[in-house]
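Student: I would like a close look at a single part of this model, a place where two helices pack against each other. Please describe the contact itself and then set it in its surroundings.

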Amino acid sequence: MENEKKKRILSGIQPTGIFTLGNYIGAIRNWEKMQEEFECAYFIADLHSLTVRQEPAKLRKQVLEAYALLLACGIDPKKSLVFIQSHVHAHTELSWILSGLTQFGELSRMTQFKDKSAKHADNVNAGLFTYPVLMAADILLYQADFVPVGADQKQHLEFTRDLAERFNSRYSPTFTVPDAYISESGARVMSLQDPTKKMSKSDENPNGFVSILDTPDVIMSKFKRAVTDSDTEVVYKEGKDGINNLMSIYSILAGKTIEETEAEFAGKGYGDFKMAVGEVVVESLRPIREEFDRLKGEKAYLEEMYTEGAKIATSISNRTLSKVKRKVGLI
Ligand code: TYM
């Protein structure tokens, strides 16, 4: 129906390092496509990245780069609301209010908290622990219907739904209960060096991940070195984690099904297949790299876009926050 209200989408990404092919396939690529059909809001989750020690000057640079990268990936600030989380005060304020409705036990069960505290054992800070509450605030402030994320964020989304339902039933209906939007394929792009681990920009081995700004030569060499198995056939089946991962990457970016990919590479070896995956990745990322190179010099334009984004985001989020404050009994 023409007058039907568009559903709302919200998602965020941390600015610590150039986005990976995993971020692109698992999240940003879907965000870009959703802009036509939905009312979308996307943001750089800079406050979330403070849960890991950051060097201030470097972080500042990374936040700006991340903003430019989102635009280079096709997120259009004329179609979507694109902002920087720390510019909008309501996120931390709602996060505090929601903390009072959150149990220690539920945060202790978060696998990301367990993983990150094992990885940064010398800095298991309170922010790392309450991270999902801030994430819930991010989502609930904008009354999002769907949150497009990779599979690793599923547990955080379930927690957000629980909190929304808890608040709504304790006070009165206030928050839209959001659904995670996790695509069937590509929701978990794996490391090229250890295909049992998700591809991550914090991987110590740079051959494990492809950054979306890697040059064609670097991309090709990472795919050439990608870990596979001792078999020879390009088929998708259990136990072939490396090949399965390469097949999903290829089929998503080439716009083919897994069966079509199997047929295309029937009788060909892993060497040819890896080259083909590398090439499709190079071609998919080329326009992004070119657009990023252009945009990163456009400082005034970027500043204008994120300042405008912050204004609109502040106005939307303040509406929800005022309601929440009233309902919980703050004057
Ligand atoms: P972050 O910055 O780790 O990742 C951004 C998005 O990329 C997805 N992703 C992947 N998808 C497939 N395969 C991979 N290997 C892969 N690696 C990352 C993530 O699932 C995510 O969708 N906590 C969030 C940021 C955040 C947020 C939010 C997201 C903060 N507030 C509110 C949604 C809504 C995070 O750290 O994402």
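Tutor: What follows goes from one helix pair to the loops beside it and then to the cores and domains. The model is predicted.

The pair is helix H3, residues 90–99, and helix H6, residues 126–141. Their axes are 8 Å apart and make an angle of about 115°. The crossing of H3 past H6 is right-handed. On the H3 side the contact is made by Ala90, His91, Thr92, Leu94, Ser95, Leu98 and Ser99. Facing them in H6 are Val133, Leu134, Ala136, Ala137, Asp138, Leu140 and Leu141. Sorted by class, this contact of H3 with H6 comprises nine nonpolar, four polar and one charged residues.

Leu94 is a useful residue to follow through the contact. Leu94 lies in helix H3 and counts as buried because its relative accessibility is 0%, under the 20% cut-off. Setting aside residues up to four places away in sequence, Leu94 touches Ala137, Leu140 and Leu141, which are among the H6 residues that meet H3. Leu94 also touches Phe175, Leu321 and Val324. Leu94 and Leu141 are 47 residues apart along the chain, and their C-alpha atoms are separated by 7.8 Å. In soluble globular proteins, nonpolar side chains tend to be buried together.

Next come the loops that lead into and out of the pair. Ser86 sits in the loop between strand S3 (81–84) and H3. With a relative accessible area of 32%, Ser86 is partly exposed, because this value falls between the 20% and 50% limits. Beyond residues up to four places away in sequence, Ser86 touches Asp46 and Leu47. The C-alpha atoms of Ser86 and Phe43 are separated by 9.7 Å, and the two residues are 43 apart along the chain.

Ahead of H6, the loop from helix H5 (111–119) holds Asn123. Asn123 has a relative accessible area of 18% and is therefore buried, the limit being 20%. Apart from its neighbours within four places in sequence, Asn123 is in contact with Thr51, Arg53 and Leu128.

After H6, Gln143 is found in the loop that runs to strand S4 (146–148). At 14% relative accessibility, Gln143 counts as buried. Gln143 is not a glycine, yet has a positive phi of about 55°. Most residues other than glycine have a negative phi.

The cores give the wider setting. The largest nonpolar core has 61 residues, and Leu21, Leu70, Phe223 and Val281 have the most contacts inside it. Helix H11 (residues 270–295) contributes the most to this core, with 11 residues. At least three residues of this core come from each of domain 1 (2–187 + 298–328) and domain 2 (206–293). Leaving out its neighbours within four places in sequence, Val281 contacts Leu21, Val210, Ile219, Phe223, Ile249 and Leu253. A second, separate core of 39 residues includes Leu81, Leu128, Ala137 and Val149. Two of these names have already come up: Ala137 is one of the H6 residues that meet H3, and Leu128 is a contact of Asn123.

As for the chain overall, it is divided into domain 1 and domain 2. The C-alpha centres of domain 1 and domain 2 lie 30 Å apart. Between the two, 14 residues of domain 1 are in contact with 14 residues of domain 2.

Terms used: Residues are numbered from 1 along each chain as its sequence is written. This is a predicted model: local features need pLDDT of at least 70, side-chain atom pairs count only at pLDDT 80 or more; totals for chains, interfaces and linings use all residues. Side-chain values use heavy atoms; hydrogens and water are left out. Axes are lines fitted to C-alpha atoms, for helices over the stretch in contact, and angles run from 0 to 180 degrees between N-to-C directions. Helices (H or I, at least four residues) and strands (E, at least two) are DSSP runs, numbered from the N terminus. A crossing is left-handed if the near helix is turned anticlockwise from the far one by less than a right angle, and right-handed if clockwise. Contact means heavy atoms within 4.5 Å. Ala, Val, Leu, Ile, Met, Phe, Trp, Tyr, Cys and Pro count as nonpolar, Asp, Glu, Lys and Arg as charged, and the others, Gly among them, as polar. A nonpolar core is a set of buried Ala, Val, Leu, Ile, Met, Phe, Trp, Tyr and Cys residues joined through side-chain atoms within 4.5 Å. Buried means under 20% relative accessible area, exposed over 50%, partly exposed in between (1.4 Å probe, protein chains only). Domain bounds come from an automatic or database domain assignment.
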